[in-house]
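Me: I'd like a close look at one part of this model, the salt bridges along one helix and what surrounds them. Could you walk me through it slowly?

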Amino acid sequence: RAASGQDMVSILQLVQNLMHGEEEEESSQAYRLQNVGEQGHMALLGHSLAAYISVLDRERLRKLTTRILSDTTLWLCRLFRYENGSAYYHEDDREGLLKICRLVIHTRYEDYTVEGFNVLYTKQPVIYISSAARMGLGQALCNQLGLPLSCMCRVPCNTMFGSQHQMDVALLDRLIKDDAESGKLPLLLVANAGTPGAGHTDKLGRLKELCEQYNMWLHVEGVNLATLALGYVSSSVLAATKCDSMTLTLGSWLGLPAVPAVTLYRHEDPSLSLAAGLTSSQPVEKLRALPLWLSLQYLGHDGIVERIKHASQLSQRLLENLKNLDFIKTSVEDELSSPVIVFRFFQEYANRDQTSHAAPTSAIQSPIISNERHVYDTLNQWLGEQLAQLVPASGVDVVELEDEGTCVRFSPLMTSAVLGTEIQDVDQLVDCLKMKIPILTSTLQLREEFEQEVKRTVGLVYIEDLSWPGLGVVRYNYHSDGKNEDKQEKELEKINTELLKKLNDLESDLSFSLGPEFGGEKNCVYIGMVTEDLDVSELVETIAATGREIEENSRLLENMTEVVRKGIQEAQLQLQKANEERLLEEGLLRQIPVVSSVLNWFSPFQASPKGRTFNLTAGSLESTESTYVSKAQGTGTTPPPTPTSSLAKQRLPGQKIFKRSLRSSDAFSETSSVSHCDDLEKMEQRPPVLSPGHEQGPLEPGMKEQQQVTAPVTATESDTIPSNKSPSACMQAEEQGSQR
């Protein structure tokens, strides 16, 4: 910022602060850079060396860049079995396909260099991409090429036979034929060797034959192209070596930071390649291959193959374990060699074939209704997030597929080299998955029971939120007494917020929250995932009873405020009247300052102090005369007993709330009956409660003092004294226990 500039130390310190200085101060989690190994340092070193090499003299620079470019291209073509190929190195992985499209346009339209878009107008080009291709690819190509979106044709995938992620070859044939008959020019086909979502490979052999029939260019991309470096390659992927071009993303496959993507292609006319931008006459442009040139030499052929082989072994290890898990459906193209594993939780119903739980399926083909699918999508979203959080080294993520819905994806070719995924990480992932499956099944089974219980309970409203991964959503319905909407909304928010706080204070294993930060319902209680031993009826009644208690306390506070206000006004009037009576009783002379002192010395005037106390229980004003006489406050009126929930039950030692008891019902009933009778006997032995008007000395232990105050006080139901039971109640409890 200074006019004279800054020294290098200050600039480097500024860069360090911008990278992670502020984040370490503000973020609660310490920010840690990605662990870059020695092979990563070689790739990063390539960028610095490229800058130094660019200052060499022109002739020496030309020789050096030609050597680097030719060596790297030769190694990649041999490694990935692509004979007689050329290479284009680019930062954006879509840029290679863009240059290929320009090359094909220059090749098929001879006058394109001279006339430009006029030749495209007379015969519109058509580019075909799969519906399973990455989002936005077709629109990005049209924008960069200056073509209308009508030049992009999306080819649907199979619906009846084969993988639902493979391009429908028969339908593609009809589309190409229709376009050719309508005067359009079929130009290029983009196929997948590993779709972005499920990792399936198109039928590249048949697609190549179709492209040769219509004189089209075939371009292939996808993660499965990495397996071309292995000794065993599936026939579907091996067919990619016959395509016209392919794009390789070596950075993610080998865990190399900041290395360019590579597009290998075959073309005989160097002038057209230069016109399309695939080659450059500038030596500096050729230095893009330097980081990759250094990294490939450091790893060597065996090191590259070992990394790709290790990723394939990880995916096979996971697939073998998933075959033995119930309620897990996989979507893999080849069970013998599938670099990408996609799976999801799905529970079969009783009317379906239960034996298919553990049987692996080639595709997830379960017709389900929209609501049911939405619920499964939500649960699988939660499952994927939990697995990614518990086993971050696995690199699992959540993917949305058109037919299957939300799934969990494991693609070690894209993540294992960077994260350092090992076999034990996969085993840990399976163990975590085994722990989550019972929670998912229990939650799914109890959702309907919870909904029915809430709908049968007075005061509760069931809120259907299919995007919530949990037991369900409930709202306590506030009973308004003709209040306006704004006041009713505030009261509803207040009650449900207090309800949520009280539920979280309970010693339970359930999670209660306000729901998602965005998109959730207001003034609701969201209940999270549950286990199979949940007592739904007790949970629902506890929520309803707690809500009623909060509402009653709120109403009591409102009524008490009004009663106290009126009591204060009445007390002021009575005190004013008492003062007037005192003036009449004392006489006029006693009101004169000097005379009153003399008069009081000769004839003292004894006046008892008069005051007023406000009884919160009775809601009435009382005299304080008895208080001055007895030197203690009276008990006042005994308040009514506190209502309790009908589901209040005794629990076994260590048993948490909302959990079903593991004992038999008879044993539990007998224990409950005996304990209840003991409690009644203890209550009968308590000292009698003083009636209103009796004087009271120091309170005995176990009894609560009924406070009398002269200011507004909040009284709760928990401050009341329970009423005594008759001896016949014990006999009735024994009879009920034996019946149960």
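Reply: Asp71 counts as buried, at 15% relative accessibility; buried means under 20% relative accessible area, exposed means over 50%, and partly exposed is in between, with a 1.4 Å probe and protein chains only. Its partner in a salt bridge is Arg67, with N and O 2.6 Å apart. Arg67 is exposed, with a relative accessible area of 53%. A salt bridge here is a side-chain nitrogen of Lys or Arg within 4 Å of a carboxyl oxygen of Asp or Glu. Arg67 and Asp71 both sit in helix α3, four residues apart, which is about one turn of the helix.

Before going on, a word on where this comes from: the model is predicted, so local features need pLDDT of at least 70 and side-chain atom pairs count only at pLDDT 80 or more, while totals for chains, interfaces and linings use all residues. Residues are numbered from 1 along each chain as its sequence is written, and side-chain values use heavy atoms, leaving out hydrogens and water.

Back to helix α3, which covers residues 58–79. Helices are DSSP runs of H or I with at least four residues, and strands are runs of E with at least two, numbered from the N terminus. Another salt bridge in this helix joins Arg62 and Glu59, with the closest N and O atoms 2.5 Å apart. These two are three residues apart, again about one turn of the helix. Arg62 is partly exposed at 40% relative accessible area, and Glu59 is partly exposed too, at 39%.

Now look further along the chain. Asp92 forms a salt bridge with Arg94, and the closest N and O atoms there are 3.8 Å apart. Asp92 is partly exposed at 34%, as is Arg94 at 35%. Salt bridges that share partners also tie Asp93, Arg134 and Glu221 into one network. Overall, the structure holds 15 salt bridges.

For a look at how helices sit together, try α2 (residues 38–53) and α14 (residues 290–322), which pack at about 160° with their axes 6 Å apart. Angles over 145 degrees count as roughly antiparallel, under 35 as roughly parallel, 65 to 115 as roughly perpendicular and the rest as oblique, so α2 and α14 are roughly antiparallel to each other. Among the residues making the contact (heavy atoms within 4.5 Å) are Met42 and Leu49 of α2 and Leu294 and Tyr298 of α14.

Key: Axes fitted to C-alpha atoms, helices over the stretch in contact; angles between N-to-C directions.
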